[in-house]
Amino acid sequence: MVLAIALAADTLSITVMEIVDNGVLLLVPGAMEAHLTDGLFWGAIALAFAVAFLVTTPVTTPVNRWLIARGKGHAIVHRLHH
């Protein structure tokens with residue numbers, strides 16, 4: 001049951017976020033070769049996360065609302081926490 005809840009709640013969001021995040025990193029020159037001590041590494045990661053957030057939110061919000069309205073996804077998670 002836990003696996004089904006997690007998959008229903010977050011699969012689309014995580015998939016879209018990962019595709020966008022990795023795509024942005026591939027487009028930033030030198031980001032793939034940057035090390036943890038390089039400002040380029042952290043700047044590219046911050047940019048990729050920001051772009052992924054901006055893309056993911058409007059894509060997944062309607063899906064999440066649809067799941068919650070039907071008592072699935074995050075609705076189940078919230079019900080189990082109370």
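User: In this predicted model, which pattern does the protein chain follow when read along the sequence?
Analyst: The secondary structure of the protein chain comes to 3 helices and 0 strands. Read along the sequence, the pattern of the chain in this predicted model is α-α-α.

User: What distance separates the end C-alpha atoms of helix H2, and what span should its 31 residues have?
Analyst: Helix H2 covers residues 39-69. At 1.5 Å a residue, its 31 residues should span 45 Å. The end C-alpha atoms agree with this expectation, being separated by 43 Å.

User: At which residue does H2 bend, and by about how many degrees?
Analyst: A proline, proline 62, follows the bend within four residues. The bend itself is located at threonine 60 and amounts to about 35 degrees.

User: Which residue just after H2 takes a positive phi, and of about how many degrees?
Analyst: The residue in question is a glycine placed just after H2. Its phi is positive, at about 75 degrees, and the residue is glycine 71.

User: Is aspartate 21 buried or exposed?
Analyst: Aspartate 21 has its place in helix H1, which comprises residues 2-27. The cut-off for a buried residue is under 20% relative accessible area. Because the relative accessibility of aspartate 21 is 7%, this residue counts as buried.

User: Which residues is aspartate 21 in contact with, leaving aside its neighbours within four places in sequence?
Analyst: Contact requires heavy atoms within 4.5 Å. Two of the contacting residues, Ala48 and Ala52, are listed among the buried residues of H2. With the sequence neighbours within four places left aside, the contacts of aspartate 21 are Ala48, Phe49 and Ala52.

User: Which elements give two or more residues to the largest nonpolar core?
Analyst: The largest nonpolar core holds 10 residues in all: Val16, Val20, Val24, Leu25, Val28, Ala31, Ala44, Ile45, Ala48 and Ala52. The elements that give two or more residues to this core are H1 and H2.

User: Which residues does valine 24 contact, leaving aside its neighbours within four places in sequence?
Analyst: Valine 24 is one of the residues of the largest nonpolar core, as is Ala48. Apart from neighbours within four places in sequence, valine 24 is in contact with Leu47, Ala48 and Val51.

User: Where is valine 16 found, and which residues does it touch, not counting residues up to four places away in sequence?
Analyst: Valine 16 is found in helix H1. With a relative accessible area of 16%, valine 16 is buried. Not counting residues up to four places away in sequence, valine 16 touches Val55, Thr56 and Val59.

User: What C-alpha distance separates valine 59 and valine 16 in space?
Analyst: Valine 59 is found in helix H2. Valine 59 counts as partly exposed because its relative accessibility is 39%. Valine 59 and valine 16 are 43 residues apart in sequence, and their C-alpha to C-alpha distance is 8.2 Å.

User: Is leucine 27 buried or exposed?
Analyst: Leucine 27 lies in helix H1. Its C-alpha atom is separated by 9.7 Å from that of alanine 48, 21 residues apart along the chain. The cut-off for an exposed residue is over 50%. At 70% relative accessibility, leucine 27 therefore counts as exposed.

User: How are the rings of phenylalanine 41 and tryptophan 42 arranged?
Analyst: A search of the whole structure finds 1 aromatic pair. The ring centres of phenylalanine 41 and tryptophan 42 are 4.8 Å apart. Their planes stand at 90 degrees, so the pair is edge-to-face.

User: What percentage of the exposed area of the protein chain do carbon and sulfur atoms supply?
Analyst: Of the 82 residues in the protein chain, 26% are buried. The chain exposes about 5800 Å². The share of this area supplied by carbon and sulfur atoms is 74%.

Key: Residues numbered from 1 in each chain as written. Predicted model: local features only at pLDDT ≥ 70, side-chain atom pairs only at ≥ 80, totals over all residues. Heavy atoms only, no water. Expected span 1.5 Å × (residues − 1). Bend = angle between axes of the 7 residues up to and from the residue. Buried < 20%, exposed > 50% of the residue type's maximum accessible area, 1.4 Å probe, protein only. Core = buried A, V, L, I, M, F, W, Y, C linked by side-chain atoms within 4.5 Å. Phe/Tyr/Trp six-rings, centres within 6.5 Å; stacked < 30°, edge-to-face > 60°. Areas by Shrake-Rupley, 256 points an atom, 1.4 Å probe, with all protein chains shown as cover.
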